[in-house]
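This report walks through one structure, from a single helix out to its cores and side-chain pairs. Keep the sequence and the 3D view at hand.

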Amino acid sequence: MDHQQLWERACQLLNADMKEVTFNTWIKTPLTALGMKDHVFYISAATDMYQQIVTSRYIEKINNALSQAADEEIRAEILTPVQAENYKQGAQVNQRIVDNANLNPRYTFESFVVGNNNRLAHAASLAVADVPGGDFNPLFIYGGAGLGKTHLMHAIGHFALEQNPNLRIRYVTTEVFTNEMIAAIQSRTMAEFRAKYRNIDMLLVDDIQFLAGRDGTQEEFFHTFNALHSAGRQVVVTSDKSPKEIQKMDERLISRLEWGMVADIAKPDEETRFEILRRKTVAGGIKIEESVLHKIAQKVSSNIRELEGCLTRLIAYSNLTGKTIDEQLTEEALRDIFQSNEPRRVSCDDVISAVAGYYNVRVEDIKGPRRNREITVPRQIAMYLCREMVDVSLEMIGTRFNRDHSTVMHACQKVVSEKDQSPSLASLLRDLTKQLQERT
């Protein structure tokens with residue numbers, strides 16, 4: 001909720017706790033909410049006298065009401081008219097800086113939920129925001145869609161600006177960077193384009209994987225990166241893949257992207273998913289039983305966007321039907337989403353068929369006696385995936401391949417050893433795993 005909504009709820013609590021004439025005289029009439037920053041709620045008093053009296057008599061009540069309304073500890077600060085005007089001017093300046101940096105005001109470290117899936121990326125982001133251009137330059141954050149990469153990138157920008165409002169920061173998607181470069185070439189304004197991106201203190205580039213195959217844009221970004229990095233300026237990049245896994249990317253650029261810190265974000269665990277939902281309901285002032293939130297967190301594990309989308313859909317369904325949100329209504333409103341998220345049982349035959357299709361070999365050959373490399377490699381990968389994805393014993397896996405369990409064990413050990421040394425093999429295994437999980 002925004003600061004005005006929070007103030008309205010706090011006033012409702014204060015009104016219930018105070019005599020009406022007292023509330024109207026000292027709270028409702030003379031006080032105006034200005035904004036909130038770092039858990040401090042700024043309030044303007046109509047005169048210096050009101051500021052002094054309200055601060056001395058009612059500040060504790062106001063703090064308690066704000067904290068209760070926000071479901072977290074909030075401290076109020078009552079400002080005189082002059083202080084309030086200074087606050088407004090400062091807020092306007094800060095907003096212009098944020099707008100120029102192209103940052104989303106909702107994406108801050110305070111609103112980011114830290115879990116086991118993103119702890120390293122969060123810590124690295126905070127370190128970069130605190131000391132731009134330091135050890136983690138560039139910072140490369142990668143992970144699937146909707147897991148919080150963009151959130152962290154904007155949070156870095158906000159935090160860095162709070163530390164130093166004079167920093168020149170720019171957030172841009174790769175698509176926008178490419179389109180601006182093309183427009184600059186067509187209008188013969190490349191000098192202005194380069195000045196825009198090279199004369200800054202921090203560059204935040206989202207979805208760098210979309211540079212793949214765009215040789216001209218890669219070349220321009222390569223030189224932009226070099227100009228910034230050599231000047232000690234911070235670069236932060238996100239992608240859905242690690243640097244080495246991005247196909248059709250210049251090796252020189254991949255090397256640059258690996259210079260600093262590479263951190264991944266995985267899918268959030270159930271505890272983190274629940275906390276994301278809980279915070280969203282608190283921020284929106286929505287009361288939903290924790291059992292309902294636990295149910296959604298348990299059923300939806302793909303990404304944060306789908307998780308939040310479920311909550312929005314549930315609330316809308318409740319409003320349209322006039323029914324109270326409970327576990328039964330949740331099942332009713334989100335039945336199709338819950339069903340689509342049910343994990344599919346994968347069999348050994350599914351794995352063998354998928355691997356055979358990937359390598360363009362026959363299923364009979366993978367199960368058969370042939371020992372040439374064109375068959376043994378797919379066979380070992382199929383055995384490894386069976387071990388990872390199918391809940392059966394080594395003996396049963398061996399039976400599906402017409403081999404004993406020791407052969408299966410050797411194949412699994414060989415794949416484990418090689419995938420740690422081969423990014424291409426690791427990428428292949430992820431692709432096959434994803435393909436098997438998504439098959440219907």
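Start with helix α12, where Thr272, Arg273, Phe274, Ile276, Leu277 and Thr281 are buried. Buried means under 20% relative accessible area, exposed over 50%, and partly exposed in between, with a 1.4 Å probe and protein chains only. Helices (H or I, at least four residues) and strands (E, at least two) are DSSP runs, numbered from the N terminus.

This is a predicted model, in which local features need pLDDT of at least 70, side-chain atom pairs count only at pLDDT 80 or more, and totals for chains, interfaces and linings use all residues. Residues are numbered from 1 along each chain as its sequence is written, and side-chain values use heavy atoms, with hydrogens and water left out.

**Helix α12**

What do the buried residues of α12 pack against? They pack against α13 (290–299) and α14 (304–321). Contact here means heavy atoms within 4.5 Å.

The length of α12 can be checked. The expected span of a helix is 1.5 Å times one less than its number of residues. For the 14 residues of α12 that gives 20 Å, and the end C-alpha atoms are 20 Å apart, so the two agree. After α12 comes Gly285, with a positive phi near 65°.

α12 also carries a salt bridge, between the side chains of Glu275 and Arg278 (2.9 Å, N to O). A salt bridge is a side-chain nitrogen of Lys or Arg within 4 Å of a carboxyl oxygen of Asp or Glu. Glu275 and Arg278 both lie in α12 (residues 270–283), three residues apart, about one turn of the helix. An α-helix has 3.6 residues a turn, so residues three or four places apart point the same way. Arg278 is partly exposed, at 25% relative accessibility. The bridging goes further: Asp71, Glu275, Arg278 and Arg279 are linked in a network of salt bridges.

**Other salt bridges**

How many salt bridges does the whole structure hold? A search finds 24. Three of them are listed here.

| Pair | N to O distance |
|---|---|
| Glu175 and Arg214 | 3.4 Å |
| Glu220 and Arg198 | 2.7 Å |
| Glu275 and Arg278 | 2.9 Å |

The side chains of Glu175 and Arg214 meet in a salt bridge. This pair links distant parts of the chain, 39 residues apart: Glu175 is in helix α8 (residues 174–187), and Arg214 is in the loop between β6 (202–206) and α10 (215–230). Glu175 is partly exposed at 35% relative accessibility. Arg214 is partly exposed at 27%.

Glu220 forms a salt bridge with Arg198. Glu220 lies in helix α10 and Arg198 in helix α9 (residues 190–198), so the pair ties together parts that are 22 residues apart in sequence. Is Glu220 buried or exposed? Glu220 is buried, at 6% relative accessibility. Arg198 is partly exposed, at 22%.

**Aromatic rings**

Rings of Phe, Tyr and Trp (its six-membered ring) pair if their centres lie within 6.5 Å; planes under 30 degrees apart count as stacked, over 60 as edge-to-face and the rest as tilted. The count comes to 10 aromatic pairs. One of them is Trp26 with Tyr50, edge-to-face at 5.5 Å centre to centre and 65° between the planes. Trp26 lies in helix α2 (residues 20–28) and Tyr50 in helix α3 (residues 48–57), so the pair ties together parts 24 residues apart in sequence. Trp26 is buried, with a relative accessible area of 16%.

The rings of Phe193 and Tyr197 have centres 5.2 Å apart and planes at 55°, so this pair is tilted. Both residues lie in helix α9, four residues apart, about one turn of the helix. Both are buried. Phe177, Phe193, Tyr197 and Phe221 form one aromatic cluster.

**Nonpolar cores**

A nonpolar core is a set of buried Ala, Val, Leu, Ile, Met, Phe, Trp, Tyr and Cys residues joined through side-chain atoms within 4.5 Å. The largest has 28 residues; Val351, Val355, Ile381, Leu385, Phe401 and Leu429 have the most contacts inside it. Two or more residues each come from α17 (348–359), α19 (373–389), α20 (394–400), α21 (405–419) and α22 (423–438). The largest share, seven residues, comes from α19. Another core, of 26 residues, lies apart from it, and includes Phe112, Leu152, Ala160 and Ala263.

**Cysteines**

The structure holds zero disulfides. A disulfide is a pair of cysteine sulfur atoms within 2.5 Å. The sulfur of Cys348 is 3.7 Å from the closest cysteine sulfur, in Cys386, which is too far for a bond. Cys348 is buried at 7% relative accessibility. Cys310 is buried too, at 1%.
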